[in-house]
Amino acid sequence: MTLVTARDYAWIRSSRMFGDAMASGYGLALVRGIAPADVLRLMEAEPKGTGKGLDALVEEHLEHRDGTDYWDDSFIAGAFTVPGAGGDWTLVFDFDGGVGASRFLPALSLNGRAVSHSTNGGKPMDLFDWYENGELRTGFEGPTTRYGSTPDELVPLMREIGFDLAEDEDGTGPGTDTKAAVLALTEHLTGVRFTEELLKGAEYHFGHVPETPAAE
């Protein structure tokens, strides 16, 4: 099987859809073995029905933002089922511009796996997290500054994918497309190929994720 690399995700630089998501801020999480409605429930989200396609998610997001102020951290998440390694996964996408679904990854990954990446929009902060059985295995903003219980486990794979991991580099130097490499790394860990068509054609379950998680 051919290794997926950053080159396979070079299309993100010519994609208006992904460019808009990067500019405004987005969050994407993949959760193995939990149905979309159950993922939203674990995120303590209020169900907001379903809708077809990315435009429907954008409409829900904009309607929500029209009714909130700048400091409100609540957001609309869209979740749908995708095939991947080991069975079905739920993909969660949002335009939160902050941590989005990532704060729920410990719960979402119990007895399974969850992977997320995000960009906060405007500010140059991009995050990647891989959780296994409720534990953060590897996370990073810059790929040379990793954390988690096994921060170096993915290093050989990351080098093959296309990350620049030279000790005197931050992984974002000339010739390195770190965001494309992150998408390739996510595909390796999940078996899910991320495409523009995947987001545009999905049947989303919508949920309103509260600003502060509800008390137990």
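**Core and salt bridges in a predicted model**

Modeller: In this predicted model, the largest nonpolar core has 45 residues, and among its members Phe93, Phe163, Leu185 and Leu199 touch the most others. Helix H6, which covers residues 178-190, gives the most to this core, with seven residues.

Biologist: Which residues does Leu199 touch, leaving aside those up to four places away in sequence?

Modeller: Leu199 touches Met17, Gly53, Leu54, Phe80, Leu91, Phe93, Phe194 and Tyr204. There is also a second, separate core, made of 18 residues, and it includes Ala29, Ile34, Ala79 and Phe104.

Biologist: Turning to charged side chains, why is the pair of Glu132 and Arg32 called a salt bridge?

Modeller: The term asks for a side-chain nitrogen of Lys or Arg within 4 Å of a carboxyl oxygen of Asp or Glu. For Glu132 and Arg32 the N to O distance is 3.9 Å, so the pair meets that cut-off and counts as a salt bridge. The pair links distant parts of the chain, since Glu132 belongs to strand E6 (residues 126-132) and Arg32 to strand E1 (residues 26-32), 100 residues apart.

Biologist: Why is Glu132 called buried, and why is Arg32 called partly exposed?

Modeller: Buried means under 20% relative accessible area, and partly exposed means between that value and 50%. Glu132 has 12%, so Glu132 is buried, whereas Arg32 has 28% and therefore counts as partly exposed.

Biologist: How do you know that Asp152 forms a salt bridge with Arg146, and what makes both of these residues partly exposed?

Modeller: The closest N and O atoms of Asp152 and Arg146 are 2.8 Å apart, which lies within 4 Å, so the pair is a salt bridge. The relative accessible area of Asp152 is 49%, which is not over 50%, so Asp152 is partly exposed. Arg146, at 23%, is not under 20%, and therefore Arg146 is partly exposed as well.

Biologist: What makes Glu196 and Lys200 a salt bridge, and where do the two residues lie?

Modeller: Their closest N and O atoms are 2.7 Å apart, within the 4 Å limit, so Glu196 and Lys200 form a salt bridge. Both residues lie in helix H7 (residues 196-201), four residues apart, which is about one turn of the helix. Glu196 is at 16% relative accessibility, under 20%, so Glu196 counts as buried, while Lys200, at 46%, falls between the two limits and is therefore partly exposed. Elsewhere, salt bridges that share partners join Arg32, Arg113 and Glu132 into one network.

Biologist: How many salt bridges does the structure hold?

Modeller: The structure holds ten salt bridges.

Technical notes: Residues numbered from 1 in each chain as written. Predicted model: local features only at pLDDT ≥ 70, side-chain atom pairs only at ≥ 80, totals over all residues. Heavy atoms only, no water. Buried < 20%, exposed > 50% of the residue type's maximum accessible area, 1.4 Å probe, protein only. Core = buried A, V, L, I, M, F, W, Y, C linked by side-chain atoms within 4.5 Å. Contact = heavy atoms within 4.5 Å.
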